[in-house]
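Visitor: Could you take me through this assembly, starting with how the chains meet?
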Amino acid sequence: MVVETPVKPYFAHAQALVETEDVGVGTRIWAFAHVLPGARIGSACNICDHAFIETGAVLGNNITVKNGVAIWQGVTVEDNVFLGPNCVLTNDPNPRAYIKKSGEALATTLIRANATVGANATILCGVTIGRYAFIGAGAVVLKTVPDFALMVGNPARQVGWMCRCARRLPLPAPAKLFASATCAQCQSQFVATATGLTMIEA
Amino acid sequence: MVVETPVKPYFAHAQALVETEDVGVGTRIWAFAHVLPGARIGSACNICDHAFIETGAVLGNNITVKNGVAIWQGVTVEDNVFLGPNCVLTNDPNPRAYIKKSGEALATTLIRANATVGANATILCGVTIGRYAFIGAGAVVLKTVPDFALMVGNPARQVGWMCRCARRLPLPAPAKLFASATCAQCQSQFVATATGLTMIEA
Amino acid sequence: MVVETPVKPYFAHAQALVETEDVGVGTRIWAFAHVLPGARIGSACNICDHAFIETGAVLGNNITVKNGVAIWQGVTVEDNVFLGPNCVLTNDPNPRAYIKKSGEALATTLIRANATVGANATILCGVTIGRYAFIGAGAVVLKTVPDFALMVGNPARQVGWMCRCARRLPLPAPAKLFASATCAQCQSQFVATATGLTMIEA
């Protein structure tokens, strides 16, 4: 009889702590990162040093979690999101150490597919970061962000729009409904809609 | 003869480093956290992953230290304080790598009981954060903060007042001396004093 | 025959990971810090807990890297620099998780000798931080900073000048070419030049 040790489909550094069973193929988890039981991580993610993924956090595929980022219960991160170094997420809008909260009492946060959260940015809970939105380094985001929006400052305000190729678009913000723009770098075309911009498929 | 190994009254994760003898009953210290010799930590605290508590730091009871927070020599944290993820404290107001300082040359910081320091906020040294003060996420606090004050922005400015129950109070800031307010959520009553607000005991 | 184990000329904590051969004499690397293969670190540096030094990063001598700081490929840090706790550097000006970059596609950052980067400050890539410049806590630096400049805010703006002794100089910013100042603390003398201030050697 041969007993085979199952080979994990992902890589974990010898100094990483991975306590969940739910990590996808090809994901890499680096030193001093800690993934708690029940956290869900998709395939081909890169979870860098000193990251922390809490029970109840949900990550899709191809996500980059740079160093020092913590992802809490109540946070959902869709595919292809970039979370820059030391950016900070939250799940309690008004924390007090002496008021314990769990489950429904915590706020949820959704970071939609292909978005970028810049280095050392802060995202308050209860918001949605739109698809392909680009949160600048050090921005403090207090409310929901449209698709493709470029946000900077404290508090973060929208200063423009960012193409999927990460070139800024020649379109002011806010944009009038049905305003259109073409990316000078990749020639993608966009039209302004109620939820931000929409890419026009050729 | 039976030699008993003394049971520690607190919990430390197998990957935590705890070098002090001075940790209170029921405190939990999590993975990759590092507590240095001589640091003082009270009871029922929650010291999360990647936290760092330096020799000379003093923490009271029931304190939450979220991930990635470092508490330095010269910093005193009173009971029931919440220190949000990646918030940053300091103890040298004008650091230069080539000017070594210790002891009296460093500034002290006092975070008074029941205060909240939000996620990714920065607290300059030499200040006092008042009781029940609420430092918003990403705020950069340069000076002493009154009791119950709500502070946001970079530099942080006071935009209002926060109840002990973490509901914002219906009172503008600054408040006139002896101005009063009642919390819409928990009905606590307050009157403005020289150091901020004072709760009126029923 | 006696085989000697070579003694490393630097100190590494038992919980530090040091994978480079290139660390100078007297440097100290603390717990849960991670230095990757090929990173270059000079002598007498202090690399604190939870720091991360990536392959390709170059550090000079006598540098203080406080807790939680990551130094990336493309970043050069000259002698005597202070990098405050949780300050954040970058090497991709417009990251997207689905656009992989390496080598030339990344931007370089230069932090010149004797500069200070304050606690929780953010430095965008592609900039130079001048000699003796002083980046205030929480500042978000978007562009190149002159020698001796004092920068604060988000985005960071220059509000004055800082002496090598870390006393603020009695000179407004911007300064007229050839404007001069004397430090009230150490009596160093300065004259304004095209790249910031220059100290006048006695």
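Guide: The following exchange covers the interfaces, the symmetry and one sheet.
Guide: This is a predicted model, in which local features need pLDDT of at least 70 and side-chain atom pairs count only at pLDDT 80 or more, while totals for chains, interfaces and linings use all residues. Residues are numbered from 1 along each chain as its sequence is written, chains are lettered from A and ligands numbered from 1 in the order in which they are written, and side-chain values use heavy atoms, with hydrogens and water left out.

Visitor: How many residues do chain A and chain C bring to their contact?
Guide: Chain A contributes 32 residues and chain C contributes 29 residues, where contact means heavy atoms within 4.5 Å.

Visitor: And what area is buried there?
Guide: About 2,100 Å² is buried between chain A and chain C, with carbon and sulfur atoms giving 57% of it. Buried area is the accessible area (1.4 Å probe) that two parts lose on being put together, summed over both.

Visitor: Which three residues of chain A supply more of that than any other three?
Guide: They are Phe32(A), His50(A) and Asn120(A), with 23% of the area that chain A buries against chain C.

Visitor: What is the make-up of that side by class?
Guide: The side of chain A that touches chain C has 15 nonpolar, 14 polar and 3 charged residues. Ala, Val, Leu, Ile, Met, Phe, Trp, Tyr, Cys and Pro count as nonpolar, Asp, Glu, Lys and Arg as charged, and the others, Gly among them, as polar.

Visitor: How many salt bridges are there between chain A and chain C?
Guide: The count is 0 salt bridges, a salt bridge being a side-chain nitrogen of Lys or Arg within 4 Å of a carboxyl oxygen of Asp or Glu.

Visitor: Changing topic, what turn lays chain A on chain C?
Guide: A turn of 120° with a shift of 0.0 Å along the axis does so, at an RMSD of 0.0 Å; this is the relation of a three-fold axis. Copies are superposed by least squares on the C-alpha atoms of residues with pLDDT of at least 70 in both. The copies use different surfaces, as 19% of the contact residues of chain A recur in chain C.

Visitor: What is the strand order in the sheet of chain A?
Guide: The open sheet of 9 strands runs E1-E4-E7-E10-E13-E15-E18-E20-E21 (chain A), with mixed pairing. Strands (E, at least two residues) are DSSP runs, numbered from the N terminus, and two strands pair if DSSP finds at least two bridges between them.

Visitor: Which strands are at the edges?
Guide: Strand E1 (11-12) and strand E21 (157-161) of chain A are the edge strands, each pairing on one side only.

Terms used: Helices (H or I, at least four residues) and strands (E, at least two) are DSSP runs, numbered from the N terminus.
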